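The following paragraphs walk through a protein model, beginning with its pockets and ending with one of its helices. Please keep the sequence and the structure in view while reading.

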Amino acid sequence: MTSSPTPPQPCDLLIEAGWVIPVEPHGVVLERHAVAVASGNIVALLPIADARAAYAPRERVELPHSAVLPGLVNVHTHNPMTLMRGVADDLDLMTWLRDHIWPAEAAVMSAAFCADGAEYAVAEMLRGGTTCCNENYFFPDAIAATYKRHGFRARVGLPVIDFPSAWASSSAEYFDKAEDVHDQYRRDPLISTSFAPHAPYTVSDANFERIRMLSDQLDIPVHLHVHETAQEVADSIAQHGQRPFARLQRLGIVNSSLLAVHMTQLVDAEIAACAEHGVSVAHCPESNLKLASGFCPAEALRRTGVNLALGTDGCASNNDLDMFGEMKTAALLAKAVAGDAAAMDAASALRMATLGSAKAMALDHRIGSIEPGKAADLISVRLDSIEAQPFYDVIAQLVYAGARSQVREVWIDGVRKLRDGELVDMDTQRLIANARQWRDRIAAAQRGARA
C-alpha cells in the first residue's frame with residue numbers, strides 16, 4: 001500500500017528569487033531559491049521547485065531577476081537629523097558641532113522635531129533597503145513611538161550627556177527618563193533600547209559607572225562615540241591622563257555590551273582589547289571622510305576577530321542614509337587603509353551591513369541573515385538594468401555597483417513596506433512638505449543667530 005503524498009503546508013508568503021543571499025553561511029549565493037514566511041518568521045529556505053511542492057502560500061512573489069537578502073541594518077544613526085541634511089557642510093567636527101549643529105538643535109529641539117525627523121528617515125531607509133536602525137538622539141520616547149507606528153525595527157538609544165537639553169535638565173532626569181522608556185518597550189517585538197551616552201568628552205566618570213551598572217542589570221547594550229578624532233584623544237590625555245579607551249576600560253565600560261562608534265584613532269593594543277572583550281565597532285566611513293575625522297582600521301579589526309558593523313551616522317554629516325553607498329565606501333576605504341586590495345572583500349562588507357550590525361545591536365538571534373526561525377526582514381534588489389548587467393558575482397555586484405534605487409521590495413516581520421519601489425503606507429508628498437517647513441524654521445533660526 002502506497003502512502004499518499006504530503007499535502008503542501010500553508011504559509012503566508014513565498015518569495016521566489018533568481019538569487020538568495022542568506023549571509024550565513026558566509027559568502028553563499030543560492031540560485032533559484034525561495035523563502036517561505038509564516039507569522040512574520042522565516043520558516044524555510046529551499047529551491048523554488050521544492051518550495052512549490054512543500055508550501056501553499058497565501059501570497060506568492062516571483063522575482064526571477066532579483067536578489068533577495070536580509071534587510072540592511074544601519075548600526076549608527078541620528079535620524080531626526082535627517083531634517084538637518086546639509087545644514088552645515090565642509091567643516092571639521094568640533095566647529096561643525098559647536099558653531100552650527102548644537103545651536104541649530106537648541107532652536108528646534110522638541111518631541112515634534114524628533115518624531116518628524118524619524119518618520120522622514122523611515123521613508124528614506126525603507127526605499128534604500130534598510131529595515132532596522134540603531135538610533136542615538138534626544139526624545140527617545142517620541143522616536144520609539146514613531147518607529148513603532150510605522151512597523152520599523154529599531155533599537156532606540158537612551159541619551160546621557162553632562163549638560164541640560166530639551167529632553168532632560170540633569171543627570172538624574174536623564175536616568176529616570178531612560179528607565180521609563182526602557183520599561184515601556186521592554187517586551188516590544190520591534191522596539192528595544194540601549195544606553196546612548198554621547199562621548200567620553202561629554203560624560204563624567206560617575207555617569208559612566210552608573211551606565212555600566214544599569215546596562216548589566218537591564219541587559220542592554222551601550223552605544224557610544226569613541227576615538228572619533230585625534231583631538232578627542234589629546235584632550236583626554238590632558239584632562240584624565242589617559243586615552244579615552246583606557247579610561248572606559250578603567251570604568252568597566254569595555255565589554256561585550258559596548259558598541260564603539262567611529263574608532264578612527266586606534267593603536268594595536270586597543271584593537272586587541274576590543275577582540276578580547278567582545279566589543280563591536282560601528283564603522284561610519286562616509287561621515288568620517290566628510291568630517292576628516294580619520295580612518296577606522298576596519299581590516300585590522302576584522303582580522304583580529306572584532307565584530308564589525310556598518311552605519312551611516314546622521315544626515316547632517318553624511319548626508320544620506322544610503323547603506324549601499326556605505327558598503328562600497330567601507331570596502332574601498334579598508335583596502336586603501338590596509339594597503340591591500342584583498343582587504344574587506346565584498347562578502348565581508350555585506351556581512352557588516354547585515355549580520356555584523358545585528359550582532360552589534362544584540363539582535364542577531366532575530367535578524368541579519370536568512371535562516372529559519374528568524375524574523376522575515378527581507379529585501380529584493382533588481383539586477384536586470386543597464387547598470388547591473390553583466391555581472392559574474394552577485395555579492396560583488398551588490399557591493400561595488402549596487403544602488404539603493406534598485407531596491408524594489410521590502411518586508412519587516414513579513415509585512416510588506418515597499419512594493420515595486422513605492423512605499424506601501426506612507427504619504428511621500430506629505431513627508432516632503434513637512435521636511436520643507438522644518439528647513440524653513442531651521443534656516444530662520446540660523447539667520448537670527450547671525451544677525
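In this predicted model, the lining of the second largest pocket is made up, by class, of 20 nonpolar, 7 polar and 3 charged residues. Of the 30 residues that line this pocket, Trp102, Glu105, Tyr137, Phe138 and His198 are the closest to its centre, and the elements that give two or more residues to its lining are α2 (93-108) and β7. Helix α2 provides the largest share of that lining, with 9 residues, and the space within the second largest pocket comes to about 510 Å³.

The largest pocket has a volume of about 840 Å³. Its lining counts 45 residues, and those nearest the centre of the pocket are Lys359, Ala360, Met361, Ala362 and Leu363. Two or more residues of the lining come from each of β7 (153-160), β8 (191-197), α9 (268-277), β12 (307-310) and α13 (346-360), with α13 giving the largest share, 7 residues. Sorted by class, the lining of the largest pocket holds 20 nonpolar, 15 polar and 10 charged residues.

Where does the largest pocket lie with respect to domain 1 and domain 2? Residues of domain 1 (9-69 + 375-420) and residues of domain 2 (72-361) both contribute to its lining, and the largest pocket therefore lies between them. These two domains, the first of which is given as two segments, 9-69 and 375-420, come from the domain assignment of the protein. Taken over C-alpha atoms, the centres of domain 1 and domain 2 are separated by 29 Å, and the contact between them involves 25 residues of domain 1 and 31 residues of domain 2.

The last stop is helix α14, which spans residues 394-401. Within α14, the residues Val394, Ile395, Gln397, Leu398 and Val399 are buried, and the buried residues of this helix pack against β1 (9-20), β4 (55-70), α12 (323-338), α13 and β13 (378-382). Helix α13, one of the elements against which α14 packs, is also the element that gives the largest share of the lining of the largest pocket. At the N-terminal end of α14, Asp393 acts as the cap, with a side-chain oxygen placed 3.0 Å from the backbone nitrogen of Ile395, and Ile395 is itself one of the buried residues of the helix.

Note on methods: Residues numbered from 1 in each chain as written. Predicted model: local features only at pLDDT ≥ 70, side-chain atom pairs only at ≥ 80, totals over all residues. Heavy atoms only, no water. 1 Å grid on protein atoms, 1.4 Å probe; cavity = no way out; pocket = protein on both sides within 12 Å on 5 of 7 lines; lining within 4 Å. Points joined across faces, edges and corners; volume = space filled by probe spheres on them. Helix = DSSP H or I, 4+ residues; strand = E, 2+ residues; numbered from the N terminus. Nonpolar A, V, L, I, M, F, W, Y, C, P; charged D, E, K, R; others polar. Domains from an automatic or database assignment. Buried < 20%, exposed > 50% of the residue type's maximum accessible area, 1.4 Å probe, protein only. Contact = heavy atoms within 4.5 Å. Polar contact = N/O pair within 3.5 Å; in protein donor to acceptor, adjacent residues only side chain to side chain.
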